[in-house]
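Trainee: I am new to this protein and would like a close look at a single part of it, the disulfides. Could you take me through them slowly?

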Amino acid sequence: QAQLVESGGGSVQAGGSLRLSCAASRLSYRNYCMGWFRQAPGREREGVAAINTGVHSTNYVDSVTGRFTISHDNGKATLYLQMHSLKPEDTAIYYCAAEARNVGSWTRCSLDAGVYSDWGQGTQVTVSS
């Protein structure tokens, strides 16, 4: 099972920026899907962004398109989420996740939390108005 450790959360005012990181270990696949998810109090976990680590193709939920960027450094085995123009509604615990299987270069990685097998512990992001 992969080990995923998030960092970079914090508190910021609306309009600000944060970058989340997720250091991954014990992932022995060549190409695989990784994603960022978030969960606000009283709400279901929501897929925010996903990336195919082989070809770096990405997938975003509409509410963050143009504001968030997911990326993956294969050499460092680290996943990132750069967040700009943050809004109070972005407040949540953010989790990184990995789908523990090889995927093809054509695979568009899912934003469905149910397909991801390995999860980090989460990092809090709070955006104040």
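Trainee: If the bonded cysteines of the protein are numbered in sequence order, what is the pairing?

Mentor: Happy to help! Please keep in mind that this is a predicted model. With the bonded cysteines numbered in sequence order, the pairing is 1-3, 2-4. A disulfide is a covalent bond between the sulfur atoms of two cysteines, and the count for this protein comes to two disulfides.

Let us set the scene before we visit each one. The protein has zero helices and 11 strands, so its pattern along the sequence reads β-β-β-β-β-β-β-β-β-β-β. The radius of gyration is 14 Å, close to the 14 Å that the globule rule gives for 129 residues, so the protein is as compact as a globular protein of that length. Its C-alpha trace spans about 40 × 30 × 25 Å along the principal axes.

Now find C22 and C96, which are joined by a disulfide with an S to S distance of 1.9 Å. C22 sits in strand β3, residues 18–25, while C96 belongs to strand β9, residues 92–99, so this pair ties together parts that are 74 residues apart in sequence. Look at the surroundings of each partner too: C22 is buried, with a relative accessible area of 0%, and C96 is buried, also with a value of 0%. The torsion about the S-S bond of C22 and C96 is about 45°, so this disulfide is right-handed.

Next, move to C33 and C109, where a disulfide again has an S to S distance of 1.9 Å. This pair links distant parts of the chain: C33 is in strand β4, residues 33–39, and C109 is in the loop between β9 and β10, with their positions 76 residues apart in sequence. The link of C33 and C109 is left-handed, with -80° about the S-S bond. As for cover, C33 counts as buried at 1% relative accessibility, and C109 is buried with a relative accessible area of 3%. Buried here means under 20% relative accessible area.

You can now place these cysteines in the wider picture. Buried residues make up 46% of the 129 residues in the protein. Links between distant parts of the chain are not limited to disulfides: among contacts with a separation of 6 or more, residues 24 or more positions apart account for 60%.

For contrast, follow the chain from C22 in strand β3 into the loop between β3 and β4, where you will find R26. R26 counts as exposed, at 62% relative accessibility. Its backbone is worth a glance as well, with phi near 65°, a positive value in a residue other than glycine. H56 offers another positive phi in a residue other than glycine, near 60°. H56 is found in the loop between β5 (46–52) and β6 (58–60), and it is partly exposed, with a relative accessible area of 38%.

Finally, step back to the outside of the protein. It exposes about 6400 Å², and carbon and sulfur atoms supply 45% of that area. The mean positions of its 11 positive and 10 negative charges are 5 Å apart. To return to your question, the pairing 1-3, 2-4 stands for C22 with C96 and C33 with C109.

Key
Residues numbered from 1 in each chain as written. Predicted model: local features only at pLDDT ≥ 70, side-chain atom pairs only at ≥ 80, totals over all residues. Heavy atoms only, no water. Helix = DSSP H or I, 4+ residues; strand = E, 2+ residues; numbered from the N terminus. Rg over C-alpha atoms; globule rule 2.2 N^0.38 Å. Buried < 20%, exposed > 50% of the residue type's maximum accessible area, 1.4 Å probe, protein only. Contact = heavy atoms within 4.5 Å. Areas by Shrake-Rupley, 256 points an atom, 1.4 Å probe, with all protein chains shown as cover. Lys, Arg positive; Asp, Glu negative; His and termini not counted. Charge placed at Lys NZ, Arg CZ, Asp CG, Glu CD. Disulfide = S-S within 2.5 Å.
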